[in-house]
Amino acid sequence: MKAVEMKNITKRFPGMIANKDVNFDLNQKEIHVLLGENGAGKTTLMNILYGIYNQDEGDIFINGEKVKIKTPKDAIALGVGMVHQHFMLVHNFTVAENIVLGCEPKKFGFVFDKKEAIRKVKELIDKYEFNIDPETKIEDISVGQQQKVEILKILYRGAEIIILDEPTAVLIPSEIEELEVIMKNLTKEGKSIILITHKLKEVMSMSDRITIIRRGEVIDTLNTNETSIDEIANLIVGRAVDLNVYKERVQILPEILKVKELKAKDNRGLDVLKGVNFEVKSGEIFGIAGVGGNGQSELVEVITGIRKCYDGEIIFDGENIENLTPKEIIKKKLSSIPEDRHKTGLILQHSLYENAILGIQDDKKFNKGMFLDYKEIRKHTLNIIKEFDVRTIDENVEASKLSGGNQQKLIVGREIYKNPKLIIAVQPTRGLDIGAIEYIHRRLIEERDKGKAILLVSLELDEVLSLSDRVGVMYDGKILKVLERDELDEQKIGVLMAGGNIDG
Ligand SMILES: Nc1ncnc2c1ncn2[C@@H]1O[C@H](COP(=O)(O)OP(=O)(O)O)[C@@H](O)[C@H]1O
Ligand SMILES: [Mg+2]
């Protein structure tokens, strides 16, 4: 008996078909991955199963019985639970309070029984090895921990069929491993899981089966142990994809950035950069590997002028730039693709053409003293849209309306169009589908081959390894070691990332 069967599901939105005659089924106790590019229709299909949307055509069966799921309440009653891409937690409540919110245990029939709530929550935490303290507040825990709370919440409501929509997009490697353990424990206890993710390596290690959706249609369902990353990558995109990165030999060009004994404090006033040293040459990609939270974000903030340093030097193109303003630094031809495209990469409620000149709005080309030359700005924007394959109707669309991959292509295009000497790329492909990842990687390599310098900061070790010519491993506010191209080895870097030593 299948846990879930969705038969001939069709869902239309104004002007488009999001799911077209989709057949999907979930076995008992299996982990089934839904794969597809951004906009393929994965979330829509799961929103139908969870009662957020209703299908226009087709039937749903749960444990062999035909059911009508009109609302999430119906879905929960049938044992279906969903964790969304964006969390919905109350920040000044504790973990336990969030989990029981809406179905609190009551004393004497009406008083909130806090003790009982904590006891019940602890039971779930231990059973599935969640490794989280029920009495801490949400605002004090990491994103990875918050996600656990979301999963606990649906378990508390009796979910047997669990939908996780891109849970790993926001996690660091150690949190992904923890999630993997939790998922295995859940299936051991009889739960069935539908997982949406873009990370093919995890798909291969975590799942039993894979269903691939392209433009609203199911392309195929495969057994994970009978397929390969290359095969599924090709099925997702609908053409041959080459995930290998090909590069010209590195040219030996002069040094463009030198960071010397750099020291800075974090937002709480604690030392976060404790004497960082490295240099980047033109024509190379210098990667910084490391577990999140070892000072990578602050390092980039200091180099780009967003955060002050209190000691050390940053020499860019022969000049000291430490503690200049972001604007002054951009003028010196240092570009950056920021970590958080929503917070600092784009102004979401503005149009694409306004976003396309962010940071260079004072450039003489666009700013004619008294007025902005909109004709020139639009031309510039259309060039970026065309060259970087930003899928949009036109340049007037609000940035928030684009998918994540297309937003990122706009940012990458904007930064490359500034014709910089150095591009700092922070997590440039986080959360993107493989079509977009392949494209962005290719463009970064192209810039490198033209003789530009690239400083790549990424928590994805695979990304650092495949793109970089040299890699510095960051740990506890320092670059522990710089590895040359021929020394790049996943195992060695893993040891360094954990603060270990590889010499002798
Ligand atoms: N509420 C909605 N109204 C109109 N269009 C929508 C709505 N939700 C999703 N879509 C569209 O349906 C398509 C599939 O979206 P979605 O299921 O979110 O894709 P995925 O999760 O695979 O990235 C997209 O083109 C998206 O813009
Ligand atoms: Mg989605």
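**Exercise 1. Work out how ligand 1 is held in this predicted model, starting from its nitrogen contact with Y53.**

Step 1. Kick off with Y53: an N or O atom in its side chain sits 3.0 Å from a nitrogen atom of ligand 1. That is inside the 3.5 Å cut-off for a polar contact.

Step 2. Now go for the oxygens. T44 brings a polar side-chain atom to 2.5 Å from an oxygen atom of ligand 1, and for T43 the distance from a side-chain N or O atom to a ligand oxygen is 2.7 Å.

Step 3. Check the cover: on its own, ligand 1 has 560 Å² of accessible area, and the protein covers 63% of that.

Step 4. Ask who lines the shell. β2 and α1 are the elements giving two or more residues, with α1 supplying the largest share, three residues. Sorted by class, the shell holds five nonpolar, five polar and two charged residues.

**Exercise 2. Find which strands stand at the edges of the sheet, and place helix α1 relative to the strands.**

Step 1. Write down the strand order: β2-β1-β4-β5, an open sheet with antiparallel pairing.

Step 2. Read off the ends. β2 (16-26) and β5 (65-67) each have a single partner strand, so one side of each lacks a neighbour in the sheet. From one strand to the next, the twist averages 30°.

Step 3. Look inside the sheet: β1 (residues 4-13) and β4 (residues 57-62) run antiparallel and are joined by five bridges. Over there, M6 stands opposite I60 in β4.

Step 4. Add the helix. α1 (residues 42-49) lies across β1, β2 and β4, at about 115° to β1.

Technical notes: Residues numbered from 1 in each chain as written. Chains lettered and ligands numbered in written order. Predicted model: local features only at pLDDT ≥ 70, side-chain atom pairs only at ≥ 80, totals over all residues. Heavy atoms only, no water. Pairing = 2+ DSSP bridges. Helix = DSSP H or I, 4+ residues; strand = E, 2+ residues; numbered from the N terminus. Axes fitted to C-alpha atoms, helices over the stretch in contact; angles between N-to-C directions. Contact = heavy atoms within 4.5 Å. Polar contact = N/O pair within 3.5 Å; in protein donor to acceptor, adjacent residues only side chain to side chain. Areas by Shrake-Rupley, 256 points an atom, 1.4 Å probe, with all protein chains shown as cover. Nonpolar A, V, L, I, M, F, W, Y, C, P; charged D, E, K, R; others polar.
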